[in-house]
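The exercises below ask you to read a protein model step by step. Try each task on the structure before you turn to its solution.

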Amino acid sequence: MTKAKSRRKVIVCRCEDVTLADVEHSIELGYAELEEVKRYTGLGTGPCQGKECMALCASVIAATSDVKPTPFTSRPPVSPIALGVLARGTAQLDDTDTTPPLGSVAIPEVK
Amino acid sequence: VSTPAPPRPTKDAPKRECEVAIIGGGIMGLGIAYECAKRGLDDIVVLERGYMAEGASGRNGGGVRMQWSTKTNIQLMLRSIEICRSFASEMGINVWLRQGGYLFLARDASERPAMEANIALQNKLGVPTRLLTPSEARAIVPELDVERFDCAAYNPRDGVLFPWPFLWGYANRAIELGVELHLHTAVTAIEPAEDGGYHLTTSKGTVRAERIVNAAGAWSPEVARLVGLELPNRPHRHEILSTEPLKPFLKPMVSVLSTGLYFSQSMRGEIVCGINLPDDDDGTVKMGSRLLFLTRLAEELVALAPRLGGVKVLRQWAGPYDITPDHAPIIGEAPGLEGFYLACGFMGHGFMMAPIIARLYGELLTGGKRAKIFDRWKLDRFAEGGLEVESMILG
């Protein structure tokens, strides 16, 4: 068992600075589902939207409670996009457009 | 850490018999459960199909306002905000209420007469709304482009709160008072019992209840169909987004009446915003996110407040509005179904209305005062005609 002090230094969610101690506290209080830990601690609500921290948090839930972790939806966009970029998009973009947003890697054309 | 563990929902099967079964563990269902239990009616089972706050109660922008166009809504929201103000001390939980006001913008002069009439009515009822010129509005929100609107209505007492702890507060206190809350428990069938009351079949066993409250929000037509009742409300997808957190700079919730655009800054510093968009409204609940929403919202928002163009969107999601033909809720006992109560059709404003509606419902179900609103917003009105339409509907 890691000591309480060091548990406060283990980061589970880097975007929102949620520590192992925070996650365990949430589970102890009964907010033990992934959706509940997200709402109680803010885990997974930053730039990565859970893509880095969700599996780690799920493993803590599985190890310390009787809850079977069910993933929450990693919200779009894939990476943060400036409103100014989106504002120029209506003319070119629609729901079927697959052009990647600025700053993302272009998907190679399949021949 | 010394925070005491809050009371939690039970994982056991629901008790076999109860006085009231409430279907829907959102703000409306939990609020009604708490207000009944507080008045001594604690033989209640709340049945929630998903996790707590899975529906609209956990997906809304948290706005609470007194600015409405009908006397009924203004008076109800005055009382609702009063309850919000004392909620933290009564329930022992911080709901992060911040009364920074609501600033409604009228796009052009044609909207001004209606805005003036609404302000006059609000003032008469004790709401301190003022009509502002664009430059006066800009003194409150310097980021606004004054060329984009004709005038504004500002009530400094409207505000924004954080929805999730509000639900936890109601749930925790209701459970303490004896209410059973069951999450992940779907109601799959309802049969009227021969000697009165109802038999409910759930995914965790059967429950016999003397009375039922349908507080399932956008899912309430589905629930009503289980007893053969057809409701006129329909779900409508409403999308919303949050940006990266910024230092606090934005005091009020800003909203454009004609497009339904709104944006405010949460206590976490994120700009939370949405806009009205058409959808196919085919009767099913849809919660998928669309690129069209991002581009459409960004176009309107950046035109109105150009400096926000550099702010990045972190996440978008959707929640279901519960829309009625006359833009007013449906509450009270369903005609022809004794003991089957409705608390639905709140038009995307269920969260802000729940504190007062739950209180009035608590009085009704415990044999206390029957508020006039139960006549005005009864289901029969759609058959009887003579509807009063609220015009200030948005997020």
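**Exercise 1.** Determine in which sense strand β9 (residues 187–192) and β10 of chain B pair, and over how many bridges.

*Solution.* Begin with the pairing itself: in this predicted model, β9(B) and β10(B) are antiparallel and share 5 bridges, where strands are DSSP runs of E with at least two residues, helices are runs of H or I with at least four, both numbered from the N terminus, and two strands pair if DSSP finds at least two bridges between them. Next, find one facing pair: B:Val187 stands opposite B:Thr202 of β10(B). Finally, follow the chain from one strand to the other: the two form a hairpin with 5 residues between them, and B:Gly196 in that turn has a positive phi of about 95 degrees.

Residues are numbered from 1 along each chain as its sequence is written, while chains are lettered from A and ligands numbered from 1 in the order in which they are written. The model being predicted, local features need pLDDT of at least 70 and side-chain atom pairs count only at pLDDT 80 or more, whereas totals for chains, interfaces and linings use all residues, and side-chain values use heavy atoms, with hydrogens and water left out.

**Exercise 2.** Work out which residues of strand β10 (residues 198–202) of chain B lie on its covered face and which on its uncovered one, and then find the strand that follows.

*Solution.* The covered face holds B:Tyr198, B:Leu200 and B:Thr202, while B:His199 and B:Thr201 make up the uncovered one. Moving on, β10(B) runs antiparallel to strand β11 (residues 205–214) of chain B, joined to it by 5 bridges. Within that pairing, B:Leu200 has B:Val207 as its bridge partner, and the two strands form a hairpin with 2 residues between them.

**Exercise 3.** Trace the open sheet of 9 strands and identify its edges.

*Solution.* Read the order as β3(A)-β16(B)-β12(B)-β15(B)-β14(B)-β13(B)-β4(B)-β6(B)-β5(B), with mixed pairing. The edges are β3 (81–82) of chain A and β5 (130–132) of chain B, each of which pairs on one side only. Inside the sheet, β14 (residues 261–265) of chain B and β15(B) are antiparallel over 4 bridges, and B:Phe263 stands opposite B:Cys273 of β15(B).

**Exercise 4.** Locate B:Arg290 and decide whether this residue is buried or exposed.

*Solution.* B:Arg290 sits in the loop between β15 (270–274) and α7 (291–304) of chain B. With a relative accessible area of 11%, B:Arg290 is buried, since buried means under 20%, exposed over 50% and partly exposed in between, using a 1.4 Å probe and protein chains only. Its side chain makes a polar contact with that of B:Glu239 at 2.6 Å; such a contact is a pair of N or O atoms within 3.5 Å, where within protein one must be able to donate a hydrogen and the other to accept it, and residues adjacent in sequence count only if both atoms are side-chain atoms.

**Exercise 5.** Examine helix α2 (residues 20–28) of chain A, asking which of its residues are buried and what they pack against.

*Solution.* The buried residues are A:Leu20, A:Val23, A:Glu24, A:His25, A:Ser26 and A:Ile27. They pack against α1 (4–7), β1 (11–13), β2 (18–19), α3 (34–41) and α4 (54–64) of chain A, contact meaning heavy atoms within 4.5 Å. After the helix comes A:Gly30, whose phi is positive, near 105 degrees.
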